[in-house]
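Colleague: I'm new to this one, so could you take me through it slowly? I'd like the reasoning along with the answers.

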Amino acid sequence: MDPGAFCAQARLLIVAGKGGVGKTTVSAALARMAARAGLTSLIVEVEGKSGLGSAFGHSDPLTYRQVVLAAGGGPDGAADVLARTLTPDDALLEYLEDHGMRRISKRLASSGALDVVATAAPGIKDILVLGKVKQLERASASGLNGSADWLVLDAPAAGHAVTFLMSARGLLDAVTVGPIRTQASDVIELLADPTRCQVLLVTLPEETPVNEVVETAFRLEDRVGVHLGPIVVNGLIRRRHSRPTRPRPPTLPE
């Protein structure tokens with residue numbers, strides 16, 4: 001496989017799979033592969049619980065602020081590997097501050113109003129995160145200073161991943177006008193464009209994870225409308241050799 005050609009298929013790769021199959025490890029490996037191909041890669045983590053930093057020797061947990069996990073350069077000419085965590089609260093506060101509502105953002109942060117809004121409008125937290133992902137993808141396409149060439153989204157575990165990616169369609173049906181509907185429309189446009197976004201599923205060579213990844217693949221295509229990339233089987237099964245038979249003792253003449 002040509003790493004450069006693989007990364008050129010889409011600017012955003014969403015890595016999803018059942019919990020425990022190693023999707024975070026695969027995300028890290030993919031980002032490192034892109035960096036060695038000369039592409040600055042950004043790993044976006046959304047649950048805040050992964051050991052992504054430790055995979056690159058970083059003990060501090062990731063935050064909303066972008067950090068360099070692996071600096072580029074060296075004899076192989078690799079690019080940087082960047083990473084950050086996206087949370088709904090931070091994404092909303094950044095959105096409000098960018099639109100001149102800094103005072104409102106501080107009050108929301110201290111009052112916990114986002115949790116109230118999330119209860120009234122299910123999916124609002126997910127669309128805030130996906131809206132920020134869309135912004136990062138657009139920055140990558142525009143080649144803005146400081147933006148990454150290639151994005152890897154370490155998605156939630158399989159069950160939540162489908163709900164997470166379907167949040168935009170749910171809000172599009174519930175909200176008729178306003179910035180939330182615009183954000184949802186933009187996210188759907190991103191997810192449906194295979195030149196901008198694809199999904200890579202990770203599984204283990206075991207019956208239950210394989211069955212679940214097949215079910216997830218159908219749900220993502222039918223209900224979310226995303227384009228599926230390759231499936232990574234994160235492991236090998238050792239071939240079982242038959243037990244050697246003992247040689248028969250020689251037959252003695254009578």
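Modeller: Let's settle one term before anything else: a helix here is a DSSP run of H or I with at least four residues, and helices are numbered from the N terminus. Keep in mind too that this is a predicted model.

Colleague: Okay, then what phi does glycine 143 take?

Modeller: Look at where helix 7 stops, since glycine 143 comes just after it. The phi there is positive, at about 70°.

Colleague: Stepping back, how many helices and strands does the protein have?

Modeller: Both kinds of element turn up in the protein. The tally is 10 helices and seven strands.

Colleague: And what share of the residues in the protein is buried?

Modeller: A residue has to fall under 20% relative accessible area to count as buried. There are 254 residues in the protein, and the buried share of them is 40%.

Colleague: What about the outside: how much of the exposed area do carbon and sulfur atoms supply?

Modeller: The protein exposes about 14,500 Å². Of that, the part supplied by carbon and sulfur atoms is 53%.

Colleague: Back to helix 7: what distance separates its end C-alpha atoms?

Modeller: Helix 7 runs over residues 124-142. With 19 residues at 1.5 Å a residue, helix 7 should span 27 Å. The model agrees, because its end C-alpha atoms are separated by 27 Å.

Colleague: How many of the residues in helix 7 are buried?

Modeller: Helix 7 is mostly covered. Out of its 19 residues, the buried ones number 14.

Colleague: Which side chain of opposite charge is nearest to aspartate 126?

Modeller: Aspartate 126 sits in helix 7, and it is buried without a salt bridge. Leaving aside neighbours within four places in sequence, its contacts are His160, Thr163, Phe164 and Ser167. The nearest opposite charge is 8.7 Å away, beyond the 4 Å that a salt bridge allows, and that side chain belongs to lysine 125.

Colleague: How many salt bridges does the structure hold, then?

Modeller: To count, a side-chain nitrogen of Lys or Arg must lie within 4 Å of a carboxyl oxygen of Asp or Glu. On that basis the structure holds seven.

Colleague: How far apart in sequence are the parts that glutamate 137 and arginine 11 tie together?

Modeller: Their side chains meet in a salt bridge, 2.7 Å from N to O. Glutamate 137 is in helix 7, while arginine 11 is in the loop between helix 1 and strand 1, so the tied parts are separated in sequence by 126 residues.

Colleague: Is glutamate 137 buried or exposed?

Modeller: Its partner arginine 11 is partly exposed, at 26% relative accessible area. Glutamate 137 has a relative accessibility of 1%, so it counts as buried.

Colleague: Which residues are linked with Glu137 in a network of salt bridges?

Modeller: We have already met one of them, as arginine 11 pairs with glutamate 137. The network takes in another residue too, so to speak, and the full answer is Arg11 and Arg196.

Colleague: Which side chain does glutamate 94 meet in a salt bridge?

Modeller: The N to O distance is 2.8 Å. The pair links distant parts of the chain, from helix 4 to helix 7, 38 residues apart. Glutamate 94 is partly exposed at 23%, and its partner, buried at 8%, is lysine 132.

Colleague: Which helix does arginine 138 get tied to through aspartate 186?

Modeller: Aspartate 186 and arginine 138 form a salt bridge, with the closest N and O atoms 3.7 Å apart. Arginine 138 lies in helix 7, so the pair ties parts 48 residues apart in sequence, and the other part is helix 9.

Colleague: And which residues of helix 9 are buried?

Modeller: Helix 9 has 14 residues and reaches 20 Å, close to the expected 20 Å. Aspartate 186 is on the list, because its relative accessible area is 16%. In full, the buried residues are Gln183, Ala184, Asp186, Val187, Ile188, Leu190 and Leu191.

Colleague: One more: which residues is alanine 155 in contact with, leaving aside its neighbours within four places in sequence?

Modeller: Alanine 155 lies in strand 5 and counts as buried because its relative accessibility is 0%. Contact takes heavy atoms within 4.5 Å. The residues are Ile14, Val15, Ala16, Lys23 and Val46.

Note on methods: Residues are numbered from 1 along each chain as its sequence is written. This is a predicted model: local features need pLDDT of at least 70, side-chain atom pairs count only at pLDDT 80 or more; totals for chains, interfaces and linings use all residues. Side-chain values use heavy atoms; hydrogens and water are left out. Helices (H or I, at least four residues) and strands (E, at least two) are DSSP runs, numbered from the N terminus. Buried means under 20% relative accessible area, exposed over 50%, partly exposed in between (1.4 Å probe, protein chains only). Lys and Arg count as positive and Asp and Glu as negative; His and the chain ends are not counted. The expected span of a helix is 1.5 Å times one less than its number of residues. Accessible areas come from the Shrake-Rupley method with a 1.4 Å probe; for residues, only the protein chains shown count as cover.
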